[in-house]
Amino acid sequence: MSDELTRSERAELDWLRRENHLLRVERAMLLRIATEYALDPAPRPPVRTSARTGPGRS
């Protein structure tokens, strides 16, 4: 059995490494954001997530 990777295996490995790097960066960002939020002494009002609220809508 050959230890060399095929072109498609190499492409998949490269893609997985880029994806892994991106996920690590996103995780670090989310951790920093969550830490700042948890340590912030000022309470915040709840955030509305529905774009359908407005005049005449409930």
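Which side chains meet in a salt bridge, and at what N to O distance? In this predicted model, the side chains of Arg10 and Asp14 form that pair, with 4.0 Å from N to O. A search of the whole structure finds one salt bridge. The protein has one helix and zero strands, and buried residues account for 0% of its 58 residues.

**Overall architecture and surface**

- The secondary structure consists of one helix, with zero strands.
- Helix α1 covers residues 7–39.
- The accessible surface of the protein is about 6300 Å², and carbon and sulfur atoms contribute 57% of that surface.
- The share of buried residues is 0%; a residue would have to fall under 20% relative accessible area to be classed as buried.

**The salt bridge between Arg10 and Asp14**

- Side chains of opposite charge can pair when their charged atoms come close.
- Arg10 and Asp14 both lie in helix α1, four residues apart, and are therefore separated by about one helical turn.
- Arg10 has 38% relative accessibility and is for that reason classed as partly exposed.
- Asp14, at 30% relative accessibility, likewise counts as partly exposed.
- Both values fall in the class between the buried limit of under 20% and the exposed limit of over 50%, so Arg10 is partly exposed and Asp14 is partly exposed.

**Surroundings of Arg10**

- Arg10 is located in helix α1.
- When residues up to four places away in sequence are set aside, Arg10 touches Leu5 and Arg17.
- Asp14, the salt-bridge partner of Arg10, is four residues away in the helix.

**A nonpolar patch on the surface**

- Which residues form the nonpolar patch on the surface? Val25, Met29, Leu30 and Ile33 make up this patch.
- Together, these residues present about 370 Å² of accessible area.
- Val25, one of the patch residues, has its place in helix α1.
- The relative accessibility of Val25 is 36%, so Val25 counts as partly exposed.
- Membership of a patch requires over 30% relative accessible area, and the 36% of Val25 therefore satisfies this cut-off.

Methods:
Residues numbered from 1 in each chain as written. Predicted model: local features only at pLDDT ≥ 70, side-chain atom pairs only at ≥ 80, totals over all residues. Heavy atoms only, no water. Helix = DSSP H or I, 4+ residues; strand = E, 2+ residues; numbered from the N terminus. Buried < 20%, exposed > 50% of the residue type's maximum accessible area, 1.4 Å probe, protein only. Areas by Shrake-Rupley, 256 points an atom, 1.4 Å probe, with all protein chains shown as cover. Patch = residues over 30% accessible without salt bridge, like charges linked within 9 Å, V, L, I, M, F, W, Y side chains within 5 Å. Contact = heavy atoms within 4.5 Å.
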